[in-house]
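Visitor: Please pick one part of this model and go through it closely. I would like the side chains and the packing around them treated together.

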Amino acid sequence: GLPWGPWGEGMFTLCFQDITFGSIITIFFLIAGAKRYYDIIRFAKLGIISRKDKVKISLGIFIGVTGIIHMIATIATHTSYSFTIFTDIHTSLIWFLSTYISYQELRRGRHHSWAITTYWMIESVFWSFRAESLYVHTVGISKISVYLWVPALIASMLLTILGV
(Lines give C-alpha, C1' and ligand atoms only; values in the text may rest on other atoms or scores of the structure.)
Protein backbone atom coordinates (compact mmCIF):
# COMPACT_ATOMS: atom_id res chain seq x y z
CA GLY A 1 0.00 0.00 0.00
CA LEU A 2 0.83 3.64 0.05
CA PRO A 3 2.81 5.18 2.90
CA TRP A 4 0.59 6.85 5.46
CA GLY A 5 1.00 10.46 6.55
CA PRO A 6 2.54 13.46 4.84
CA TRP A 7 5.99 11.96 4.32
CA GLY A 8 7.10 8.56 3.07
CA GLU A 9 9.91 7.03 1.05
CA GLY A 10 11.87 10.28 0.99
CA MET A 11 9.09 12.48 -0.42
CA PHE A 12 5.66 13.86 0.32
CA THR A 13 3.09 11.10 -0.03
CA LEU A 14 0.75 11.13 -3.00
CA CYS A 15 -2.27 11.57 -0.72
CA PHE A 16 -0.70 14.56 1.03
CA GLN A 17 0.27 16.17 -2.29
CA ASP A 18 -3.17 15.66 -3.79
CA ILE A 19 -5.21 16.78 -0.82
CA THR A 20 -3.01 19.62 0.43
CA PHE A 21 -1.15 21.10 -2.53
CA GLY A 22 -3.81 20.27 -5.11
CA SER A 23 -6.54 21.87 -3.01
CA ILE A 24 -4.49 25.00 -2.27
CA ILE A 25 -3.77 25.49 -5.98
CA THR A 26 -7.44 24.96 -6.82
CA ILE A 27 -8.66 27.43 -4.19
CA PHE A 28 -6.06 29.98 -5.34
CA PHE A 29 -7.27 29.75 -8.92
CA LEU A 30 -10.96 29.80 -8.03
CA ILE A 31 -10.44 33.11 -6.24
CA ALA A 32 -7.96 34.68 -8.69
CA GLY A 33 -9.76 33.26 -11.74
CA ALA A 34 -13.15 34.55 -10.60
CA LYS A 35 -11.67 38.01 -10.12
CA ARG A 36 -10.03 37.91 -13.54
CA TYR A 37 -13.22 36.73 -15.23
CA TYR A 38 -15.15 39.54 -13.55
CA ASP A 39 -12.52 42.05 -14.75
CA ILE A 40 -12.44 40.95 -18.40
CA ILE A 41 -16.12 40.23 -19.00
CA ARG A 42 -16.89 43.94 -19.34
CA PHE A 43 -14.59 44.39 -22.36
CA ALA A 44 -16.00 43.99 -25.88
CA LYS A 45 -15.17 40.84 -27.82
CA LEU A 46 -12.85 41.38 -30.75
CA GLY A 47 -13.26 37.90 -32.20
CA ILE A 48 -9.66 37.63 -33.45
CA ILE A 49 -7.57 34.74 -32.15
CA SER A 50 -4.11 34.02 -33.53
CA ARG A 51 -2.73 30.60 -34.38
CA LYS A 52 -0.47 30.72 -31.29
CA ASP A 53 -3.50 31.45 -29.14
CA LYS A 54 -5.42 28.55 -30.67
CA VAL A 55 -2.50 26.29 -29.74
CA LYS A 56 -2.69 27.54 -26.15
CA ILE A 57 -6.43 26.83 -25.98
CA SER A 58 -5.89 23.36 -27.49
CA LEU A 59 -3.16 22.57 -24.94
CA GLY A 60 -5.42 23.63 -22.06
CA ILE A 61 -8.25 21.42 -23.33
CA PHE A 62 -5.80 18.53 -23.83
CA ILE A 63 -4.60 18.77 -20.23
CA GLY A 64 -8.17 18.83 -18.88
CA VAL A 65 -9.15 15.81 -20.99
CA THR A 66 -6.01 13.98 -19.85
CA GLY A 67 -7.15 14.25 -16.24
CA ILE A 68 -10.53 12.75 -17.10
CA ILE A 69 -8.93 9.92 -19.11
CA HIS A 70 -6.52 9.24 -16.22
CA MET A 71 -9.41 9.02 -13.78
CA ILE A 72 -11.40 6.67 -16.04
CA ALA A 73 -8.34 4.49 -16.73
CA THR A 74 -7.44 4.11 -13.05
CA ILE A 75 -11.04 3.32 -12.10
CA ALA A 76 -11.30 0.77 -14.93
CA THR A 77 -8.09 -0.97 -13.86
CA HIS A 78 -9.06 -0.86 -10.16
CA THR A 79 -5.91 1.07 -9.32
CA SER A 80 -7.47 4.34 -8.22
CA TYR A 81 -7.59 5.88 -4.79
CA SER A 82 -10.34 8.23 -3.70
CA PHE A 83 -7.91 11.13 -3.36
CA THR A 84 -6.50 10.61 -6.87
CA ILE A 85 -10.01 10.61 -8.30
CA PHE A 86 -10.75 13.81 -6.35
CA THR A 87 -7.58 15.43 -7.66
CA ASP A 88 -8.19 14.33 -11.25
CA ILE A 89 -11.72 15.77 -11.15
CA HIS A 90 -10.95 19.14 -9.62
CA THR A 91 -7.74 19.61 -11.60
CA SER A 92 -9.50 18.86 -14.88
CA LEU A 93 -12.30 21.26 -14.03
CA ILE A 94 -9.83 24.00 -13.10
CA TRP A 95 -7.85 23.41 -16.31
CA PHE A 96 -11.07 23.78 -18.31
CA LEU A 97 -11.94 26.92 -16.32
CA SER A 98 -8.47 28.44 -16.80
CA THR A 99 -8.66 27.64 -20.51
CA TYR A 100 -12.08 29.27 -20.76
CA ILE A 101 -10.88 32.41 -18.96
CA SER A 102 -7.79 32.43 -21.20
CA TYR A 103 -10.08 32.16 -24.25
CA GLN A 104 -12.16 35.08 -22.98
CA GLU A 105 -9.00 37.14 -22.46
CA LEU A 106 -7.82 36.38 -25.99
CA ARG A 107 -11.20 37.15 -27.56
CA ARG A 108 -11.11 40.55 -25.91
CA GLY A 109 -7.55 41.30 -27.03
CA ARG A 110 -6.18 41.13 -23.50
CA HIS A 111 -2.93 39.57 -22.37
CA HIS A 112 -2.98 36.73 -19.89
CA SER A 113 -3.29 37.93 -16.35
CA TRP A 114 -0.90 37.01 -13.59
CA ALA A 115 -3.58 34.61 -12.30
CA ILE A 116 -3.57 32.48 -15.46
CA THR A 117 0.20 32.52 -15.92
CA THR A 118 0.87 31.82 -12.25
CA TYR A 119 -1.64 28.98 -12.23
CA TRP A 120 -0.03 27.36 -15.29
CA MET A 121 3.43 27.69 -13.76
CA ILE A 122 2.41 26.32 -10.35
CA GLU A 123 0.52 23.43 -11.96
CA SER A 124 3.58 22.52 -14.04
CA VAL A 125 5.68 22.27 -10.90
CA PHE A 126 2.96 20.41 -8.98
CA TRP A 127 2.43 17.86 -11.76
CA SER A 128 6.14 17.20 -12.11
CA PHE A 129 6.24 16.22 -8.43
CA ARG A 130 2.95 14.35 -8.69
CA ALA A 131 4.09 12.37 -11.74
CA GLU A 132 7.14 11.21 -9.81
CA SER A 133 5.00 10.25 -6.81
CA LEU A 134 2.51 8.40 -9.00
CA TYR A 135 5.38 6.45 -10.48
CA VAL A 136 7.10 5.71 -7.15
CA HIS A 137 4.09 5.12 -4.88
CA THR A 138 1.75 3.22 -7.18
CA VAL A 139 2.76 0.10 -8.99
CA GLY A 140 -0.53 -0.57 -10.78
CA ILE A 141 -1.05 2.82 -12.35
CA SER A 142 2.54 3.80 -12.97
CA LYS A 143 2.44 3.03 -16.70
CA ILE A 144 -0.97 4.66 -17.14
CA SER A 145 0.19 7.70 -15.22
CA VAL A 146 3.43 8.04 -17.14
CA TYR A 147 1.74 7.63 -20.53
CA LEU A 148 -0.92 10.19 -19.66
CA TRP A 149 0.77 12.70 -17.39
CA VAL A 150 4.12 13.12 -19.11
CA PRO A 151 2.47 14.58 -22.25
CA ALA A 152 0.19 16.68 -20.02
CA LEU A 153 3.20 17.89 -18.04
CA ILE A 154 4.98 18.85 -21.26
CA ALA A 155 1.80 20.61 -22.46
CA SER A 156 1.50 22.57 -19.20
CA MET A 157 5.14 23.66 -19.49
CA LEU A 158 4.52 24.77 -23.08
CA LEU A 159 1.47 26.71 -21.94
CA THR A 160 3.57 28.46 -19.32
CA ILE A 161 6.18 29.38 -21.92
CA LEU A 162 3.64 30.44 -24.57
CA GLY A 163 1.53 32.31 -22.05
CA VAL A 164 4.26 34.65 -20.95
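**R36 and the helices around it**

Guide: R36 counts as buried, at 16% relative accessibility; buried means under 20% relative accessible area, exposed over 50%, and partly exposed in between, with a 1.4 Å probe and protein chains only. The model is a predicted one, in which local features need pLDDT of at least 70 and side-chain atom pairs count only at pLDDT 80 or more, while totals for chains, interfaces and linings use all residues. Residues are numbered from 1 along each chain as its sequence is written, and side-chain values use heavy atoms, with hydrogens and water left out.

R36 forms a salt bridge with E105, the closest N and O atoms being 2.6 Å apart; the term stands for a side-chain nitrogen of Lys or Arg within 4 Å of a carboxyl oxygen of Asp or Glu. Since R36 is in helix α1 and E105 in helix α3, the pair ties together parts that are 69 residues apart in sequence. E105 is buried, with a relative accessible area of 0%. Helices here are DSSP runs (H or I, at least four residues), strands are runs of E (at least two), and both are numbered from the N terminus.

The two helices joined by this pair also pack on each other. The axes of α1 and α3 come within 10 Å and cross at roughly 20°; axes are lines fitted to C-alpha atoms, for helices over the stretch in contact, and angles run from 0 to 180 degrees between N-to-C directions. α1 and α3 are therefore roughly parallel to each other (under 35 degrees; over 145 is roughly antiparallel, 65 to 115 roughly perpendicular, and the rest oblique). The crossing of α1 past α3 is left-handed, that is, the near helix is turned anticlockwise from the far one by less than a right angle, clockwise being right-handed. The residues of the contact of α1 with α3 comprise 13 nonpolar, nine polar and three charged. Nonpolar covers Ala, Val, Leu, Ile, Met, Phe, Trp, Tyr, Cys and Pro, charged covers Asp, Glu, Lys and Arg, and polar the others, Gly among them.

α3 has a second partner in α2. Helix α2 (residues 51-76) and helix α3 (residues 82-107) pack at an angle of about 165°, with axes 9 Å apart, and are therefore roughly antiparallel. This crossing, too, is left-handed. On the α2 side, the residues in contact (heavy atoms within 4.5 Å) include D53, I57, G60 and M71, and those on the α3 side include W95, F96 and Y103. The residues of this contact divide into 13 nonpolar, seven polar and two charged.

The whole structure has three salt bridges. Besides R36 with E105, D39 and K35 meet at 2.8 Å, N to O. These two are four residues apart in helix α1 (residues 14-40), so about one helical turn separates them. D39 is buried at 18%, whereas K35 counts as exposed at 52%. In α2, D53 and K56 pair at 3.4 Å, N to O. They are three residues apart, again about one helical turn. D53 is buried at 14% relative accessibility, and K56 is buried at 6%.

As for the setting, the chain has five helices and two strands, in the order β-β-α-α-α-α-α along the sequence. Of its 164 residues, 48% count as buried.
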